[in-house]
Amino acid sequence: MRAKNRVSYREVALLAALSLAAAGVLAGQVATLNKEQTDDAAGFKQFTVRVEEYLKLHKAVEKQLPALKNKEELPEMIAAHQQAMARKIREARPHARPGDIFVHASREAFRHVIRSVWQDPENATARATLRQRDRVKGVRLQVNGIYPDAIAETTFPPTLLQKLPALPDELAYRIVGRDLVLVDTRANLVVDLLHEALP
């Protein structure tokens with residue numbers, strides 16, 4: 001009877017040790033997750049600051065140009081306005097390069113969010129985006145380059161859009177190949193690129 005009790009005590013001790021170990025692992029995972037969330041929030045904040053800085057530049061350039069009276073302007077006039085906007089923005093940021101807006105601290109934050117959406121196998125929009133991604137293989141964009149009209153209307157998964165930092169009306173996210181692209185929609189200009197953001 002005493003031998004049986006000794007075994008029982010060992011089992012209890014073993015279970016207690018395993019429970020403590022599991023709790024330690026779980027606490028470590030929670031701490032890692034909390035740190036990742038904190039880092040992502042800080043990264044998105046830095047991204048938003050850069051977006052606001054770009055928006056000031058955009059508005060300053062826009063004031064230098066004759067305003068379009070309404071959306072019913074002739075297509076030629078709208079195109080000319082876009083081209084003038086793009087040219088002046090390029091002149092204002094001639095050394096722009098990838099990472100100016102998608103700053104280092106924000107890149108992993110974007111990748112974490114994108115990965116979380118793409119990991120859902122039932123996400124039909126994500127699958128559609130993958131199919132359209134295949135259609136634009138070989139397209140190479142550059143910061144300060146014109147965003148091609150041929151790929152202007154690409155689907156952006158709404159579930160992903162809801163999780164990314166909100167953008168002002170002048171800017172939009174686009175997906176081209178595996179890259180996340182920030183586009184100035186008034187100037188039809190590539191503002192920044194996050195290469196290989198998609199899985």
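This report walks through a three-stranded sheet and the helix that lies across it.

## About the model

The model is predicted: local features need pLDDT of at least 70, side-chain atom pairs count only at pLDDT 80 or more, and totals for chains, interfaces and linings use all residues. Residues are numbered from 1 along each chain as its sequence is written, and side-chain values use heavy atoms, with hydrogens and water left out.

## The sheet

Let's start with the layout. The order β1-β2-β3 describes an open sheet of 3 strands with antiparallel pairing. At the edges sit β1 (171-176) and β3 (189-194), each pairing on one side only. Averaged over the sheet and ignoring direction, neighbouring strands are turned by 30° against each other. Strands here are DSSP runs of E with at least two residues, helices are runs of H or I with at least four, and both are numbered from the N terminus. Two strands count as paired if DSSP finds at least two bridges between them.

## Strand by strand

β1 and β2 (residues 179-184) run antiparallel and are joined by 6 bridges; across this pair, Ala-172 faces Val-183 in β2.

On the other side, 5 bridges link β2 to β3, again antiparallel, and Val-181 stands opposite Leu-193 in β3. These two strands make a hairpin with 4 residues between them, and Asn-188 in the turn has a positive phi of about 55°.

## Cover and the crossing helix

β3 is mostly covered, with 6 of its 6 residues buried (under 20% relative accessible area with a 1.4 Å probe, protein chains only). Helix α3 (residues 104-118) lies across β1, β2 and β3, running at about 80° to β3. Such angles run from 0 to 180 degrees between N-to-C directions, using axes fitted to C-alpha atoms, for helices over the stretch in contact (heavy atoms within 4.5 Å).

Notes:
Buried means under 20% relative accessible area, exposed over 50%, partly exposed in between (1.4 Å probe, protein chains only).
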